[in-house]
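Trainee: Got a minute to go through this one with me?
Mentor: Yes, put it on the screen.

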Amino acid sequence: MQLETELRKTIGTDRYELYYQPKVDTATRQICGVEALLRWKDADGNIQPPYEIIPILEHSGMIIEVGEHQIQSACQQLKEWQQKESPLNFALNISARQLLNSNLVETVRQAIAENGCDPQRLELEITESVIMADVTTALDKLQQLENLGVKIAIDDFGTGYSSLAYLSRFPIHILKVDREFVKDLPWNKDNITITRSIVELAHNLGMSVVAEGVETMAQEQFLANLGVEEFQGFHFGRPVPVAEFDRLYLNAP
Ligand code: G
Ligand code: G
Ligand code: MN
Ligand code: NA
């Protein structure tokens, strides 16, 4: 079957799955949340690479419906964690189509209300390019989302064309430093300068900073000294299925 057809037919089934990658509090080194990352299984149960799947979902618009299921899952998960008194945050990636051409705000509002979850624990990750694609609509949607109490994070920061000064006009709470800049810390002079500037400016604008792609102890120490609030990367954990996440990080049997 053609991939796109199969992707469409399986929306809402367990062929779509969210893997959780831990995010860690810099100060305590305790896990403070997850980034949820989409995985899709073919008919044989093999996980297909996200870089092949996600562009098809975005192109076809299917990402909107898939995303609505994800927002439901996110709020159900937050509710479950709240009941177990696991104070974790849940970060979900949102694409351009979802932010600009869908009823995202209403979907999020409903999911939060139905599950009674704390909106502050839900983080929506968008990239700079999504904002730049339609600044007026993006600002309007982000303000509505902020009014719901959810957190907005800028993903892959530093790779797009917008400046942080420009983005300061948007309701943004979290900046995720792209792993391209983290990759060869603490040796690469340019990347040292770039990460230091990003962290400083973000803090001056009242945003907190997540460093992505942290793979070594040397990177961790360097970034902790810069005052980064959270880490994410293979040094702390890879994206894993929920059951494995529970076993690894929440001491489930
Ligand atoms: O882990 P990884 O290969 O899954 O993800 C690749 C990229 O795909 C991520 O950087 C992210 O931007 C995007 N992505 C992953 N999961 C999702 C998702 O559930 N929704 C959207 N819109 N994008 C996602
Ligand atoms: O663009 P998005 O930031 O949402 O990126 C998440 C992607 O980054 C996922 O594909 C995930 O597997 C990958 N990733 C997460 N941590 C690391 C890391 O430490 N190193 C590398 N190379 N990739 C990572
Ligand atoms: Mn992301
Ligand atoms: Na990223």
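Mentor: We can take a strand, then a helix pair, then a ligand site, bearing in mind that this is a predicted model.

Trainee: Start with E5. How many of its residues are buried?
Mentor: Six of its six, so strand E5, residues 122–127, is mostly covered.

Trainee: And which residues point which way from E5?
Mentor: Leu 122, Leu 124 and Ile 126 point one way, while Glu 123, Glu 125 and Thr 127 point the other way. Both sets are buried. In a regular strand, side chains alternate between the two faces of the sheet.

Trainee: Which way does E4 run against E5, parallel or antiparallel?
Mentor: Parallel: four bridges join E4, residues 89–93, to E5. Ala 91 stands opposite Glu 123 there.

Trainee: What about E6, how many bridges to E5?
Mentor: Five, also in the parallel sense, with E6 covering residues 151–157. Glu 123 stands opposite Lys 151 in E6.

Trainee: Switching to helices. Why call H5 and H7 roughly parallel?
Mentor: Their axes cross at roughly 10 degrees, and angles under 35 degrees count as roughly parallel. The axes of H5 (residues 104–115) and H7 (residues 135–148) come within 10 Å.

Trainee: Which residues meet there?
Mentor: From H5, Leu 104, Val 105, Val 108, Arg 109 and Ile 112; from H7, Lys 141, Gln 144, Leu 145 and Leu 148. By class, that contact has six nonpolar, one polar and two charged residues.

Trainee: Last one, ligand 2. Which residues come nearest?
Mentor: Asp 155, Gly 213, Glu 215, Gly 233 and Phe 234, out of 14 around ligand 2. The shell divides into four nonpolar, five polar and five charged residues.

Technical notes:
Residues are numbered from 1 along each chain as its sequence is written. Chains are lettered from A and ligands numbered from 1 in the order in which they are written. This is a predicted model: local features need pLDDT of at least 70, side-chain atom pairs count only at pLDDT 80 or more; totals for chains, interfaces and linings use all residues. A residue is near a molecule or strand if its C-beta atom, placed from the backbone, lies within 6 Å of it. Ala, Val, Leu, Ile, Met, Phe, Trp, Tyr, Cys and Pro count as nonpolar, Asp, Glu, Lys and Arg as charged, and the others, Gly among them, as polar. A residue is buried if 20 or more other C-beta atoms lie within 10 Å of its own, exposed if 12 or fewer, and partly exposed in between; C-beta atoms are placed from the backbone. Helices (H or I, at least four residues) and strands (E, at least two) are DSSP runs, numbered from the N terminus. Two strands pair if DSSP finds at least two bridges between them. Axes are lines fitted to C-alpha atoms, for helices over the stretch in contact, and angles run from 0 to 180 degrees between N-to-C directions. Two residues are in contact if their C-beta atoms, placed from the backbone, lie within 7 Å.
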